[in-house]
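Work through the exercises below with the model open. Try each task before reading its solution.

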Amino acid sequence: MDAPTTLVAADPAFRADVLAGLAAPIRAVPARWLYDRRGSELFEEITRLPEYYPTRTEKALLERYSGELASLLGTGEAVVEFGSGSSAKTPILLRAVRPSAYVPIDISGDFLRESAEALQAEFPSLAVYPVEADFMRRIELPAAVAAAPKLGFFPGSTIGNLVARTAVDLLRAMKETLGEGSRLVIGMDRIKDIEILERAYDDAAGVTARFNLNLLHRINAELDGNIDVAAFRHRAIWNDEMSRIEMHLEAVRDVEFTVAGVGFAMMLSETTPTENSHKYGHRDSRLLLRAAGWGVVREWTDEKQWFSIILAEAEPPRFAP
Ligand code: AVI
């Protein structure tokens, strides 16, 4: 289904990113702009696709191992989730860990309030303290959880959507937010057969294609664009050198269009990257975490080793040879 073409007030940052990204010598539009309301709905649909293994594999791992995970922790933990906690995974963790408090952090206030209310209804005696903030930077947690040991939660392999440098910055910011002695439960997607990866990001029903092409509808609706969406197709390409699946929008003919009054031209086959999804080997994930000051306590993976849940702990600064 096509996105509706109602005019929505443009976010100045969206405008700036699209104009700069399309004008750059190597074009790219930051992935965060894929997730408007329609994009988020389509992503929800993606998580239920037969080809998209990460969500169900991670959920099954949590169901199977959250008891074991809880046995490695102390008591009275405050669970701090990086993201709004709208997924089915949060209740599984909360039921196993029985935390003293739950702190979901998200930049989108509406989304955060909705999911915090739903969780509060499911766990009426749990103290819930939603924090509206950008978790890419250190955040001051609510005073009510200051004394509690902290357990960060970052499921979904969302870390994979960041290039290594930014992923390390984020993991470091998480460590600063959670403080000394804290732990982190993080979901990371593994390297696997290219066909499985490419199918997961280019499904037979075309949902991921609609998700990617929705960006063009969004540009037309919010930035007064006149892009012929039919002139583009979705591509999911494994980049072995970078160990990632890349989503691109590829021109299927020479095409010209304007966005916010600025003209652009693309040639047949020219592609614009819209999202990276990095995949990690067993050692890669450890190295990434260690680069940000997290040591791995335990890793759980499925029989096919397609996905990992890692429990890490904040390492004190140490001298190294
Ligand atoms: C949100 N993120 C973890 C998804 C992923 O697998 O990288 C986004 C996605 N894009 C297309 N399909 C899924």
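**Exercise 1. The neighbours of Val259**

Task: In this predicted model, list what Val259 touches beyond four places in sequence. Then place Val259 in its core.

Solution. Start with the contacts. Val259 touches Val18, Leu19, Leu22, Ile219, Leu223, Asp224, Gly225, Ile227 and Phe264. Next, find the core. The largest nonpolar core has 40 residues, and Val259 is among the members that touch the most others, along with Ile219, Phe232 and Phe257. Now ask which elements build this core. Those giving two or more residues are helices H1 (12-23), H2 (37-47), H7 (194-200) and H8 (207-222), and strands E7 (232-239), E8 (244-251), E9 (255-259) and E10 (262-266). H8 gives the most, with six residues. Finally, look beyond this core. A second, separate core holds 33 residues, including Val131, Ile139, Leu170 and Leu171.

**Exercise 2. A sheet and its helix**

Task: Give the strand order of the sheet that contains E7, E8 and E11. Why does one side of E7 and of E11 lack a neighbour in the sheet?

Solution. First, the order. The open sheet runs E7-E8-E11, with antiparallel pairing. Second, the edges. E7 and E11 (271-278) each have a single partner strand, so one side of each is left without a neighbour in the sheet. Third, the twist. From one strand to the next it averages 20°. Fourth, the pairing of E7 with E8. Eight bridges join these antiparallel strands. One residue to check is Phe232, whose bridge partner in E8 is Ala251. Phe232 also belongs to the largest nonpolar core. Last, the helix. H8 lies across E7, E8 and E11, at about 55° to E8.

**Exercise 3. Glu241**

Task: Is Glu241 buried or exposed? Locate Glu241 relative to the strands and to Val18.

Solution. Glu241 sits in the loop between E7 and E8. The cut-off for exposed is over 50% relative accessible area. Glu241 has 75% relative accessibility, so Glu241 counts as exposed. Now take the distance to Val18. The two residues are 223 apart in sequence, and their C-alpha atoms are 26 Å apart.

**Exercise 4. The ligand site**

Task: Which residues come nearest to the ligand? Give the polar side-chain distances for Asn161, Glu275 and Ser277.

Solution. Of the 14 residues around the ligand, the nearest are Tyr52, Asn161, Tyr201, Glu275 and Ser277. Take the ligand nitrogen contacts. A side-chain N or O atom of Asn161 is 2.9 Å from a ligand nitrogen. For Glu275, a polar side-chain atom lies 2.6 Å from a ligand nitrogen. Then turn to oxygen. A polar side-chain atom of Ser277 lies 2.6 Å from a ligand oxygen.

Terms used
Residues numbered from 1 in each chain as written. Predicted model: local features only at pLDDT ≥ 70, side-chain atom pairs only at ≥ 80, totals over all residues. Heavy atoms only, no water. Core = buried A, V, L, I, M, F, W, Y, C linked by side-chain atoms within 4.5 Å. Buried < 20%, exposed > 50% of the residue type's maximum accessible area, 1.4 Å probe, protein only. Helix = DSSP H or I, 4+ residues; strand = E, 2+ residues; numbered from the N terminus. Contact = heavy atoms within 4.5 Å. Pairing = 2+ DSSP bridges. Axes fitted to C-alpha atoms, helices over the stretch in contact; angles between N-to-C directions. Near = heavy atom within 4 Å. Polar contact = N/O pair within 3.5 Å; in protein donor to acceptor, adjacent residues only side chain to side chain.
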